[in-house]
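Me: Please take a close look at the salt bridges of this model. I should then like to have them set beside the cysteines, the positive backbone angles and one buried site in the chain.

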Amino acid sequence: MTNKYMYFVANWKMFGDLRSLNSLDKVIKFSKNYKKNKLKIVYCPPNTLIRPLSRRLKKTKIEVGAQNCHHSYDYGAHTGQVNSTMLKNVGAKYVILGHSENRQLGETDNLINLKIKSAIKSGLKIIFCIGETLKERRQKKTNQILKRQIEKGLKSINNRSKIIIAYEPVWSIGTGVIPKEADLNKTISFIKSRFIKKYPKILYGGSVNTNNVSILKKIPNIDGFLIGGASQIPKKFIDIIQKTIN
Ligand code: PEP
């Protein structure tokens with residue numbers, strides 16, 4: 001275990017209901033027993049569960065985040081939308097922005113930039129997702145894509161202390177395939193050295209599981225993981241954390 005904080009961010013996507021919260025007792029118990037380690041566990045459930053989850057986690061160090069927000073900081077006539085202030089009001093401390101599943105639905109770098117600005121204004125921490133598609137990777141455009149996503153996504157944001165980058169290659173999400181260790185090492189260093197010199201926290205996301213985490217944790221510049229599928233099963237989530245910190 002290194003001396004730095006390691007993040008374990010659970011992205012539940014569009015899964016989970018009130019009954020799913022019961023399963024978290026195992027993770028709560030686990031987190032209480034790990035006082036000596038510098039862990040940040042963040043659960044990002046669907047919006048419907050943010051309030052009940054943050055209540056349940058009140059006496060723990062586990063934090064709660066949201067998975068997206070509207071770009072407007074102000075209230076307004078935006079049917080079906082929720083802004084960052086509303087999320088903060090119900091207990092969210094973080095918000096995931098720029099996730100590829102939302103980029104695929106049409107979110108642009110400019111829109112993500114507005115969302116990040118609004119979330120900063122509300123006092124949320126941002127887990128800012130970037131990553132190339134398989135086609136872009138095959139065309140050897142990975143660095144070019146990441147550079148664009150970072151530059152446009154963080155445009156005019158000078159104070160980046162609340163921003164954590166999550167590098168999530170799109171071709172790795174939900175596929176069981178992870179980048180080769182050497183490639184991931186290079187990409188993480190590229191992100192870190194060129195674009196976020198001052199507050200360089202970088203997570204890796206994409207098919208993290210109990211088998212591959214022993215390889216992934218060797219990447220020196222990684223500050224933790226954004227975990228989708230495996231985070232919905234407490235035993236797997238705990239296993240990933242244990243294998244990373246031990
Ligand atoms: C994600 O969607 O952010 C993610 C990392 O998913 P998975 O772990 O299931 O690949």
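Reply: Residues are called buried when their relative accessible area is under 20%, exposed when it is over 50%, and partly exposed in between, with a 1.4 Å probe and protein chains only. The model is predicted, so that local features need a pLDDT of at least 70 and side-chain atom pairs count only at pLDDT 80 or more, while totals for chains, interfaces and linings use all residues. Residues are numbered from 1 along each chain as its sequence is written, and side-chain values use heavy atoms, with hydrogens and water left out.

The salt bridges come first. There are eleven salt bridges in the structure (each a side-chain nitrogen of Lys or Arg within 4 Å of a carboxyl oxygen of Asp or Glu). One of them joins Arg 19 to Asp 17, with 2.7 Å between the closest N and O atoms. The two partners fall into separate accessibility classes: Arg 19 is exposed, because its relative accessibility is 64%, whereas Asp 17 has a relative accessible area of 30% and is therefore partly exposed.

A second pair is formed by Arg 56 and Asp 25, whose closest N and O atoms are 3.6 Å apart. Because Arg 56 belongs to helix 2 (residues 50-56) and Asp 25 to helix 1, this salt bridge ties together parts that are 31 residues apart in sequence. Helices here are DSSP runs of H or I with at least four residues, strands are runs of E with at least two, and both are numbered from the N terminus. On the Arg 56 side the relative accessible area is 33%, so that residue is partly exposed. Asp 25, at 41% relative accessibility, also counts as partly exposed.

A third pair involves a buried carboxylate. Arg 137 makes a salt bridge with Glu 132, and the closest N and O atoms are 2.8 Å apart. The relative accessible area of Glu 132 is 0%, and Glu 132 is therefore buried. Elsewhere, Arg 103, Asp 109 and Arg 148 are joined into one network by salt bridges that share partners.

The cysteines give another view of side-chain pairing. How many disulfides does the structure hold? The count is zero, a disulfide being a pair of cysteine sulfur atoms within 2.5 Å. For Cys 69, the closest cysteine sulfur belongs to Cys 44 and lies 12 Å away; no bond forms because that is too far. Cys 129 is likewise in no disulfide, and its nearest cysteine sulfur, again in Cys 44, is 9.3 Å away. Cys 129 has a relative accessibility of 1% and so counts as buried. Cys 69 is buried too, because its relative accessible area is 4%.

Two backbone positions deserve attention next. Most residues other than glycine have a negative phi. Against that background, Lys 13 has a positive phi, near 50°, and Ser 207 has a positive phi near 60°. Both residues sit in loops: Lys 13 lies between strand 1 (6-11) and helix 1 (25-32), and Ser 207 lies between strand 7 (202-205) and helix 9. Is each of them buried or exposed? Lys 13 counts as buried because its relative accessibility is 19%, and Ser 207, with a relative accessible area of 16%, is buried as well.

Helix 9 leads on to the last site. Ile 222 is placed in the loop between helix 9 (213-216) and strand 8 (224-227). With a relative accessible area of 3%, Ile 222 is buried. Which residues does Ile 222 touch, not counting those up to four places away in sequence? They are Lys 4, Met 6, Leu 184, Ile 188, Ile 202, Tyr 204 and Leu 216, a contact being heavy atoms within 4.5 Å. Of these partners, Met 6 is 216 residues from Ile 222 along the chain, yet the C-alpha atoms of the two are separated by 8.4 Å. Two elements already named recur in this contact list: Leu 216 falls in helix 9 (213-216), and Ile 202 falls in strand 7 (202-205).
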